[in-house]
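Here are a few notes to help you find your way around. Have the structure open as you read, and take the points in order.

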Amino acid sequence: TSTIPGKASFSLTDNGTNSTSVDPGVYTATETVHPEFSLTDITCSGDTIAPNSSDAGATATFNAQSGETITCVFTNEKDATVKVVKDAIPDDPQDFSFSTSGLGAGFDLDDDGDAALPNSKSFTVSGADFGTKTVTEAEQADWTLTDITCTGDTGATDAGRMATLDVDPGETIVCTFTNARDTGKLTVEKELISDDPKESGTFHLRIGDETVATGGDGASGARV
């Protein structure tokens, strides 16, 4: 919107312009900011006679004098999105804790399909907040962090338990932290109490429908 005669309301695309001739006087132009963008700068030039143009918030105010050609440029940057995803192998209700720098407070995620605690969290980065951000997963007993993969940011790196991002306008960044549940060793020993050799033989140890060990009297060992 503006107070320029005949230009009460108009729209512009990227690098678009809208110009008109005006009588000397003070005029304003205000941008209604698009919800997916931030207004990061207003720069006016050409008003060489004091008082010069000024800006506050989303409004440019300029004092047009005879002979001046005033140009006001409104600069917008598209918001970026950072999404953190938890992938647990196998899916499990275990909660995993995360901390960040530059993205807000810490949070928890799990990967069990229960919406009470989701397996992802998204952040919007805009305006003066672009730049370096980090996401770190805390250690969790009985689980090993096996991979961190970030897409949508060519400058993303990872080291240890931390992903480091270089967030630029318009990026859609997805970082997936993959954890595998640690395995342990279960020892089951078969003891046959009988003097009858006919009762000796081979025994099978099954977990569910899977045979995990086969042996006779004294046999032991299975990895789960």
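1. Start with the largest pocket, which has 39 residues in its lining. To find the middle of this pocket, look for Phe 10, Leu 12, Asn 18, Cys 72 and Phe 74, the lining residues that lie nearest its centre. Please keep in mind that this is a predicted model.

2. Which elements give two or more residues to that lining? They are strand 1 (25–30), strand 4 (59–64) and strand 5 (71–78). Strand 5 gives the most, with 5 residues.

3. The space in the largest pocket comes to about 1400 Å³. As for the character of its lining, 20 residues are polar, 14 are nonpolar and 5 are charged.

4. Now turn to the sheet. Its 3 strands form an open sheet in the order 1-4-3, and the pairing is antiparallel. At the edges you will find strand 1 and strand 3 (54–56), each of which pairs on one side only. On average, neighbouring strands in this sheet are turned by 20 degrees against each other, ignoring direction.

5. How many bridges join strand 3 to strand 4? There are 3, and these two strands run antiparallel. One pair to pick out by eye is Ala 56 with its bridge partner in strand 4, Thr 59.

6. Two of the strands link these points together. Strand 1 and strand 4 each give residues to the lining of the largest pocket, and both also appear in the order of the open sheet.

Conventions
Residues numbered from 1 in each chain as written. Predicted model: local features only at pLDDT ≥ 70, side-chain atom pairs only at ≥ 80, totals over all residues. Heavy atoms only, no water. 1 Å grid on protein atoms, 1.4 Å probe; cavity = no way out; pocket = protein on both sides within 12 Å on 5 of 7 lines; lining within 4 Å. Points joined across faces, edges and corners; volume = space filled by probe spheres on them. Helix = DSSP H or I, 4+ residues; strand = E, 2+ residues; numbered from the N terminus. Nonpolar A, V, L, I, M, F, W, Y, C, P; charged D, E, K, R; others polar. Pairing = 2+ DSSP bridges. Axes fitted to C-alpha atoms, helices over the stretch in contact; angles between N-to-C directions.
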